[in-house]
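Below is a walk through one protein model, starting with the overall fold and ending at a single residue.

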Amino acid sequence: HSLFPVNTEREQNYLLKLIREDADIDEILRWFQSEEFSSRILQDKEFARFLVVTVLEFIEVNNGVLVDGLSRTDPPDTEVLEKEKQQINKYARLLKRVTKHEASGKNQVQVQVYCLSGIAQLAHSYNFPLGMETRIFQLLYENEVFQEEAYIEWKEMGRNMKEGSQEYEIHEKTFIKCSDWLDWLEHASEESDASSDN
């Protein structure tokens, strides 16, 4: 495992092109397995975050949930919500190639937490469209892209951030918007732990 960071700029640019062209998921996965693609990149947290954020931005811009310069305060209609769900379900296996990479081992949760911070940053850059963060967090959890532990660690991260910093503000705003769902997740996690202890 090299101490030098992996330069993934070329791969990021190509990935962006594939996603914007709405390339077939299998085509992207085949590229990941090709000789020209270093398997180390799949373990790189910057690449993981780039992939997750790029895919989600592509989905939400196409659905009209993310609109430049506008803060969407109206909830999306049922058709948009259904489309959003279908697309996140579709891309989940691609996202899992980086968030659940077997070689990451114990770092897997750290990679996932870093990706969750990327989602918060994405929401912030579009003025936090109504309910988007919670829906994305929930859909990615249901599709097993992120595990419970990552959400709980992400939630606790705010305590170690400098109050007043932009990073802290983004985290806190996202946390407040998702707090009901995060509470539900923690309780569900505690209940499943208690039932498995019995």
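How many helices and how many strands does the secondary structure of the protein come to? In this predicted model, there are 8 helices and 0 strands. Read from the N terminus, the order of elements is α-α-α-α-α-α-α-α.

The overall dimensions come next. Along the principal axes, the C-alpha atoms fill a box of roughly 45 × 45 × 40 Å. The radius of gyration is 17 Å, which agrees with a compact globule, because a globule of 198 residues would have a value near 16 Å. Of the 198 residues, 45% are buried. Taking the contacts between residues at least 6 apart in sequence, 76% join residues at least 24 apart.

The surface and the charges can be described briefly. The accessible surface is about 11,100 Å², and carbon and sulfur atoms account for 47% of that area. The protein carries 22 positive and 38 negative charges, and the mean positions of the two sets are 4 Å apart.

The remaining detail concerns one loop residue. Asparagine 143 sits in the loop between α6 (132-142) and α7 (148-157). Is asparagine 143 buried or exposed? Its relative accessibility is 16%, so asparagine 143 counts as buried, the cut-off being under 20%. Outside its neighbours within four places in sequence, asparagine 143 is in contact with Ile88, Asn89, Ala92 and Lys96. With asparagine 89 there is a polar contact between the two side chains, at 2.8 Å. The side chain of asparagine 143 also reaches the backbone oxygen of leucine 139, at 2.9 Å.

Terms used. Residues are numbered from 1 along each chain as its sequence is written. This is a predicted model: local features need pLDDT of at least 70, side-chain atom pairs count only at pLDDT 80 or more; totals for chains, interfaces and linings use all residues. Side-chain values use heavy atoms; hydrogens and water are left out. Helices (H or I, at least four residues) and strands (E, at least two) are DSSP runs, numbered from the N terminus. The radius of gyration is taken over C-alpha atoms; the globule rule is 2.2 Å times the number of residues to the power 0.38. Buried means under 20% relative accessible area, exposed over 50%, partly exposed in between (1.4 Å probe, protein chains only). Contact means heavy atoms within 4.5 Å. Accessible areas come from the Shrake-Rupley method with a 1.4 Å probe; for residues, only the protein chains shown count as cover. Lys and Arg count as positive and Asp and Glu as negative; His and the chain ends are not counted. The place of a charge is taken as NZ of Lys, CZ of Arg, CG of Asp or CD of Glu. A polar contact is a pair of N or O atoms within 3.5 Å; within protein, one must be able to donate a hydrogen and the other to accept it, and residues adjacent in sequence count only if both atoms are side-chain atoms.
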